[in-house]
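Colleague: Could you walk me through reading strand order and helix packing in a model like this one?

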Amino acid sequence: MTHYRLDVAKLGDLDALASVALESGEASWHADTFYPSCRGDSNEIAFVQREQDHIVGYAVMAKEYDIGALYSLAVLPAHRGHGLARSLLGEGLNWLKSRGLTRCLLEVRVTNVPAIALYESIGFARDGIRKNYYPTPGAPRADALLMSLEMNKL
């Protein structure tokens with residue numbers, strides 16, 4: 001049985017986070033993109049799932065004025081299906097709630113059916129489409145589904 005440990009990312013995790021992002025198809029997230037969430041900023045945080053000492057998934061959450069946001073959520077393909085994304089997102093939502101926030105926003109590729117199903121199972125609602133939001137190397141930009149969660153309903 002594989003044992004995972006949920007933790008807060010640190011500055012020493014930047015390269016590992018970028019590697020997980022790249023392997024998960026999030027090519028626009030690089031080590032420096034994760035810097036604000038790993039430096040201990042009170043408005044942004046990255047939670048990680050570790051298998052032994054290796055990061056296999058992450059969730060980056062942020063406080064944007066009076067609203068929370070999920071910036072990025074990824075789990076390595078070989079570790080999907082174990083509830084890691086749900087656990088990471090749950091920890092992130094708890095972090096937002098602990099800061100007095102009652103709403104969380106996110107964007108997800110319209111083609112990412114498993115992620116959309118996860119978000120809807122937690123209670124996120126579909127709010128609309130943002131056309132041509134995601135860059136896609138070698139292809140046209142992809143649309144994003146806008147979703148929100150009223151956390152006081154959890």
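Modeller: Happily; we will take the sheet, then a pair of helices. This is a predicted model, where local features need pLDDT of at least 70, side-chain atom pairs count only at pLDDT 80 or more, and totals for chains, interfaces and linings use all residues. Residues are numbered from 1 along each chain as its sequence is written, and side-chain values use heavy atoms, with hydrogens and water left out.

Colleague: In what order do the strands form the sheet?

Modeller: Strands (E, at least two residues) and helices (H or I, at least four) are DSSP runs, numbered from the N terminus. Two strands pair if DSSP finds at least two bridges between them. Here seven strands make an open, mixed sheet, ordered S1-S2-S3-S4-S5-S7-S6. Strand S1 (4–8) and S6 are at the edges with a single partner strand each, so one side of each lacks a neighbour in the sheet.

Colleague: How many bridges join S6 to S7?

Modeller: Seven, linking antiparallel strands S6 (residues 125–136) and S7 (residues 139–150). They form a hairpin with two residues between them, and Gly-138 in the turn has a positive phi of about 75°.

Colleague: At what angle do H3 and H4 pack?

Modeller: Axes are lines fitted to C-alpha atoms, for helices over the stretch in contact, and angles run from 0 to 180 degrees between N-to-C directions. H3 (residues 84–98) and H4 (residues 113–122) pack at about 50°, with axes 11 Å apart. With contact meaning heavy atoms within 4.5 Å, Ala-85, Arg-86, Leu-89 and Leu-93 in H3 meet Leu-118, Tyr-119, Ser-121 and Ile-122 in H4.
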